[in-house]
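Please take a moment with the sequence and the structure shown below before reading on. The paragraphs that follow begin with a single strand and then move outward to its surroundings.

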Amino acid sequence: MGVEAKIAPSMLSSDFANLASEAQRMLDCGADWLHMDIMDGHFVPNLTIGAPVIESLRKHTKAYLDCHLMVTNPLDYVEPLGKAGASGFTFHVEVSRDNWGELVQRIKSKGMRPGVSLKPGTPIEEVYPLVEGEYPVEMVLVMTVEPGFGGQKFMPETMDKVRALRKKYPSLDIEVDGGLGPSTIDMAASAGANCIVAGSSVFGAPDSAQVISLMRKRVEEVQKNY
Ligand SMILES: O=C(CO)[C@H](O)[C@H](O)COP(=O)(O)O
């Protein structure tokens, strides 16, 4: 089927005062990507980090920095994040309905991998043109909680979107984010998600490596049957 399991701890749950060592700890625990939540206090009611922090972290790691832009004007972030060393740039479809073609082109021109995300209430059909268009995104991030805060409860009803996407696009990277951990990974993996973002379940566990390994195993078990 051609999709790989990617386990991406959400650095939102890390100790931001020790970001570089927290990032290295996650990589040592087996993380594939580091998920970076960029929030502007407008698209979502929380304010986190931006390009300066990505630039600082990039000096300490070569890891894939999977940036999720929970911002109203993603276009404004392309240039700074490209310069800062972001790897993936995932924007929200709800704020990009009129300019996603330009956005994807600019993201790619800065050497980043474009992705699109959608909130729980947004119909999955809205992202189909972005996967199939002239300037396709390379990943769809299905939010499994309302974006804005870590530690929320996984919304099982969002799995219908993951199933629909996987049926339509067998080799697409499908990421899920929010409330993922040992008790919810089976739902996400069996629906077809292969990129798993997890914050509180990984950072809050006594053995983060064990949680990462369990989630990877579940995704791999499902993927090999495709
Ligand atoms: O994007 C996010 C919130 O908008 C976080 O990445 C997400 O909620 C992960 O945290 P947790 O695993 O604790 O739910």
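In this predicted model, a good place to begin is strand E2, from which Trp33, His35, Asp37 and Met39 point one way while Leu34, Met36 and Ile38 point the other way, all of them being buried. In general, the side chains of a regular strand alternate between the two faces of the sheet. Because seven of the seven residues of E2 are buried, the strand is largely enclosed by the rest of the structure.

The partner of E2 is strand E3, made of residues 64-70, and the two strands run parallel and are joined by seven bridges. Within this pairing, His35 stands opposite Asp66 in E3. Helix H2, which covers residues 51-58, belongs to the picture as well, since E2, H2 and E3 together make a right-handed β-α-β unit.

One residue of E2 also carries an annotation: the unreviewed UniProt entry gives "active site" for Asp37 and Asp177. These two positions span 141 residues in sequence, yet their C-alpha atoms are no more than 10.6 Å apart, so they gather at one spot.

Asp37, which lies in strand E2, counts as buried because it has 24 C-beta neighbours inside 10 Å, where 20 or more are required. Leaving aside residues up to four places away in sequence, Asp37 touches Ser10, Leu12, Thr48, His68 and Met70. Asp177 lies in another strand, E7, formed by residues 173-177, and is buried too, with 28 other C-beta atoms within 10 Å. Its contacts, again not counting residues up to four places away in sequence, are His68, Leu141, Met143, Thr144 and Val197. His68 therefore appears among the contacts of Asp37 and of Asp177 alike.

Val176 is likewise found in E7, and with 30 other C-beta atoms within 10 Å this residue is buried. Beyond residues up to four places away in sequence, Val176 touches Val142, Thr144, Val162, Ala188, Ala193, Ile196 and Val197. The C-alpha atoms of Val176 and Met36, which are 140 residues apart along the chain, are separated by 14 Å.

What, finally, surrounds the ligand? There are 22 residues around it, of which Ser10, Pro147, Gly150, Gly199 and Ser200 come nearest. Strand E2 (33-39), strand E8 (195-198) and helix H8 (200-203) are the elements that give two or more residues to this shell. By class, the shell around the ligand holds seven nonpolar, 13 polar and two charged residues.

How values were computed. Residues are numbered from 1 along each chain as its sequence is written. This is a predicted model: local features need pLDDT of at least 70, side-chain atom pairs count only at pLDDT 80 or more; totals for chains, interfaces and linings use all residues. A residue is near a molecule or strand if its C-beta atom, placed from the backbone, lies within 6 Å of it. Helices (H or I, at least four residues) and strands (E, at least two) are DSSP runs, numbered from the N terminus. Ala, Val, Leu, Ile, Met, Phe, Trp, Tyr, Cys and Pro count as nonpolar, Asp, Glu, Lys and Arg as charged, and the others, Gly among them, as polar. UniProt positions are given in the numbering used here, feature names are shortened, and annotations may be inferred rather than shown by experiment. A residue is buried if 20 or more other C-beta atoms lie within 10 Å of its own, exposed if 12 or fewer, and partly exposed in between; C-beta atoms are placed from the backbone. Two residues are in contact if their C-beta atoms, placed from the backbone, lie within 7 Å. Two strands pair if DSSP finds at least two bridges between them. A crossover is right-handed if, with the strands pointing away from the viewer, the path from the first strand over the helix to the second runs clockwise.
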